[in-house]
Amino acid sequence: MEGRLQRLVRLSLVIILVTGPGCSSQETKIACEDANLDLSCENERVLKIHEAAYGRTDTTICPGPNSEEPRNCTATNSLSKVQEECDNKPSCSVPATNNMFGDPCKNVYKYLEVVYSCVYICGFNDNCDQATQVCIDGDDGNVTCACTVAHQVIVNGVCKEPPSPSCPADVTHISGIKLTFPASETGDTANSIESCPEESGQSNSLATRYCGESWEEPVLIQCYDEESLDTQLEELAQTNVTDENVAEVAGMLVLTSSQTGDISPEGLDNIITTLDSVVAVEDPSEEVTDSVVGVANNVMALDGTMLADTPDVNEVVSLLETQLGIVQQLDQNYTEILPNVGTSALHIERSALTAPVEYNDPFMGAPVSNEENVTAAWSSISLPPSILDIVVTVDPNSSTVPVSFITYLDAGLFQPGSQSEGAPSNVISEYTESQVIAANVDIENLKIKDLPSNSSVITRFSKPVSVEEGNSTNTTIEGNSTNTTIEFLCVFWSYNGGESPARWSQDGCRRLPSDGDEVVCSCDHLTSFTVLIRVSDDHPISERFQLALDIITMIGCVLSIIGLSFCVVAMLLIRSVRKKQQTHLHFNLCLALLGFYLSFLLGVDQFDQSVLCRVMTSLIYFFCLSSVAWMAVEGFYIYMLIWKYKQSSITHLVAVAVLLAWGLPLVGAILVYVLDQSHDYVAEADYCFLHPGPALYYGFLLEVFVLFLYNFVIFILVTYRVNSRKIRFSNKKDKRQEMVTRIKSTFLFWVILGMAWLFGFLATFHSPLTLAFQVLFCICLSLQGFFMFYMLFVQNPEIKKEIKSATSKYSSSNSSSGGAVDNAYTSRAQSVSHTPKESTVDNATYDMEVNPVGEHIYYNVNG
């Protein structure tokens, strides 16, 4: 405020009187005929004659001959004669005679009367300092000496030239927005000439800027609140962008995207959509290109999690490269450097390409932060002469080659959908701390690739300092300790518009020997390059072992699909089996497992088709969680039979189970599909399923673990109940057969209750047994359906009886021989040759019967 008041005072002083005569009064002097009228002025003033009259108009002045009679006669030339003699002179003497004026009154004694004043006159006697002041004539014969515009400061009544402002008028850019600031002095805060858009409802200046010893960085005013920002971004995304409005839309987009703290995920999607529309117009103007670069700069400033959760963010890189190719149409060089991205579109003389052309990043030495260090990162790229050979084949007549360079301060716009191409299975993580530098030759239908190894593209990067390359350290990963090795890899960005997952790739790139704190890379093509940090497990799973697991999984799934198909058909067609409550439970479990195996085999490898991959991920999620839920229902049924002695059907069990075991997983699958479209869900790796992240940990594994824990408790209780009974046989053969039966029963419970997941959870812990647990999990889970087929179909006497009845020409009375687990878990064996011995456990709630033929022992839990 003080600075503004000072400026107002100085402006007002421009017209303040600095030197002047004060008040200039008029005086009258008279001389009688034949006398002289003497006039004079003091203080360097001069005479100014206002009135003059020679003759007689008054009888009392200068009495003389014939003066007593009233008369009114004056010489008409009186004023001009006196002015001629006296004006602008410090003094004069005018004779009052007829010779001077003529005789206006014959034979009458006359007099000369003059009215005059002493004045200053501009350019004559104004006393103004011509170097610092300007003279202004007054109507009263006085003058005013005013300070000139260039000398606005008055010190002790003297006009002085004001000191030069500390901050001169300046035009600058922030986030791609043009801002104009007037000259300001130290301590002042200047407002930009540009104001908030009318649509924002605010009339504030777009930015403020503080003037210290020099200009500080501008600070943008937030023109929009969070709600209105989302609305404005949505309206921009729906705008039809044309040649007429592209500059306006692009300017609005860079302004709205500058409010990075208020942008929502939906807002980011709208930004990318609008940017696509702007670039599609193909406007080569610098104004539009500045805005496109500004939007890319703003997007890079967004939260890293939001960028990682936005699949289309990779499009920003492609759109920026496209716009730089468009601006090359201007046939002049273009450069725009912003805090996060620097761009240059150059027309390089062909003669310059006969030697390597090197481009250093514009952020050379800019600080880059990480968790433990702050270092000065830098990068550069060198184009080989072999590029010219390729250009000549496409455009032989051009004297220049259009080449664009882009440097990204970090890799925020490069969100890989999977690990780098060809990454070994022991890779734990991959990330980059380096800048990304890119070069492109902007000639249509020209791809620079397959350059010779002795004339390749050379990139240099400052070596990352947060980790030490090759250092094998003990690292804690997901709560487990393991030894890891660090590698620095030369990679390029492989992206084809979403047709396949975006990723870093080493194809065509190799690392060259280098000294000092740099990584030197050689690549046979042009694109975006960086240094990838790879963290690998020192105890990897070999590719051969991984292949073996894949084969085991596939064979097991195929066998389970075939077996479960027989089970489902049998349960539907055989009435004696279909009518039992436990069969309904088995049927739903088999159906869930069948859906899981089918969706897994058909969909897990569809990662190259984004939409299909998401659909298959949802199906795998749904059937897998449903199968575990039906295992929990089976566990509840077993518990009720063996511990609660419920020998008859449990009321409404199947209806409630269908609602919960199918309904809840379906709700979860829908929610995951609709709400979680982030990088841990869509097709961003070499398999289709939830990737590490909240959806996997809390939306799937947590539910599976809770259901597994419930079944595990049931398994322990039931196994204890069955195997804790005393063996009452004295015959060794009978004892051995009962032991075998108990083992089979335990295995049946193991299969039905899904205890294979125990190996899966144990395999997540890094230990010497990790590989063994992985093998057991693959075998047990993939063959679970086949084991159920064997127990419920092959060894089921009722199903065997029905099959024999349909295929045999005659029926056998003893066709029920051979032991199996009845329907759900066991079957009451047909009594043969003698009455079985009964063994009771808590009021004989289930029977143990011995077949004297020596085939099997069955546990009947049917009642």
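This passage describes salt bridges, surface patches and selected residues in a predicted model.

Salt bridges are considered before the other features. Side chains of opposite charge can pair when their charged atoms come close. In the present model, the count comes to seven salt bridges. One of the pairs is formed by Arg209 and Asp170, whose side chains meet with an N to O distance of 2.6 Å. Arg209 belongs to strand E14 (residues 207-210) and Asp170 to strand E11 (residues 170-174), so this salt bridge ties together parts that are 39 residues apart in sequence. The two partners can also be described by their accessibility. Arg209 has a relative accessibility of 7% and therefore counts as buried, the limit for this class being under 20%. Asp170, in contrast, counts as partly exposed because its relative accessibility is 25%.

A further salt bridge joins the side chains of Arg534 and Glu430, with 2.8 Å from N to O. This pair links distant parts of the chain, since Arg534 is placed in strand E31 (residues 528-537) and Glu430 in strand E23 (residues 427-431), 104 residues apart. Arg534 is classed as buried because its relative accessible area is 5%.

The salt bridge between Glu738 and Arg742 lies within a helix. The closest N and O atoms of Glu738 and Arg742 are 2.7 Å apart. Both residues are part of helix H17 (residues 732-752), where they are four residues apart, about one turn of the helix. Glu738 and Arg742 are both buried. Salt bridges also occur as a network, which links Glu33, Asp103 and Lys110.

Attention now turns to the surface. A negative surface patch is made up of Glu198, Glu199, Glu234, Glu235 and Glu248. Of these residues, Glu248 can be placed in helix H5, which spans residues 246-256. With a relative accessibility of 53%, Glu248 counts as exposed, because this class begins over 50%.

A nonpolar patch is also present on the surface, formed by Tyr697, Tyr698, Leu702, Phe705, Val706 and Leu709. Together, these residues have about 590 Å² of accessible area. Tyr698, one of the members of the patch, is located in helix H16 (residues 694-723). The relative accessible area of Tyr698 is 60%, and this residue is therefore exposed.

Two loop residues complete the description. Ser257 is located in the loop between H5 and helix H6 (265-280). Ser257 counts as buried because its relative accessibility is 1%. A polar atom of the Ser257 side chain lies 2.9 Å from the backbone oxygen of Leu253. Helix H5 thus appears in two settings: Glu248 is within this helix, whereas Ser257 is in the loop between H5 and H6.

Gly417 is found in another loop, between strand E22 (400-408) and E23. Strand E23 is also the place of Glu430, the salt-bridge partner of Arg534. Gly417 has a relative accessibility of 10% and therefore counts as buried. The C-alpha atom of Gly417 is separated by 10.0 Å from that of Tyr495, although the two residues are 78 residues apart along the chain.

Notes
Residues are numbered from 1 along each chain as its sequence is written. This is a predicted model: local features need pLDDT of at least 70, side-chain atom pairs count only at pLDDT 80 or more; totals for chains, interfaces and linings use all residues. Side-chain values use heavy atoms; hydrogens and water are left out. Patches are made of residues with over 30% relative accessible area and no salt bridge: like charges are joined within 9 Å, nonpolar side chains (Val, Leu, Ile, Met, Phe, Trp, Tyr) within 5 Å. Accessible areas come from the Shrake-Rupley method with a 1.4 Å probe; for residues, only the protein chains shown count as cover. A salt bridge is a side-chain nitrogen of Lys or Arg within 4 Å of a carboxyl oxygen of Asp or Glu. Lys and Arg count as positive and Asp and Glu as negative; His and the chain ends are not counted. The place of a charge is taken as NZ of Lys, CZ of Arg, CG of Asp or CD of Glu. Buried means under 20% relative accessible area, exposed over 50%, partly exposed in between (1.4 Å probe, protein chains only). A polar contact is a pair of N or O atoms within 3.5 Å; within protein, one must be able to donate a hydrogen and the other to accept it, and residues adjacent in sequence count only if both atoms are side-chain atoms.
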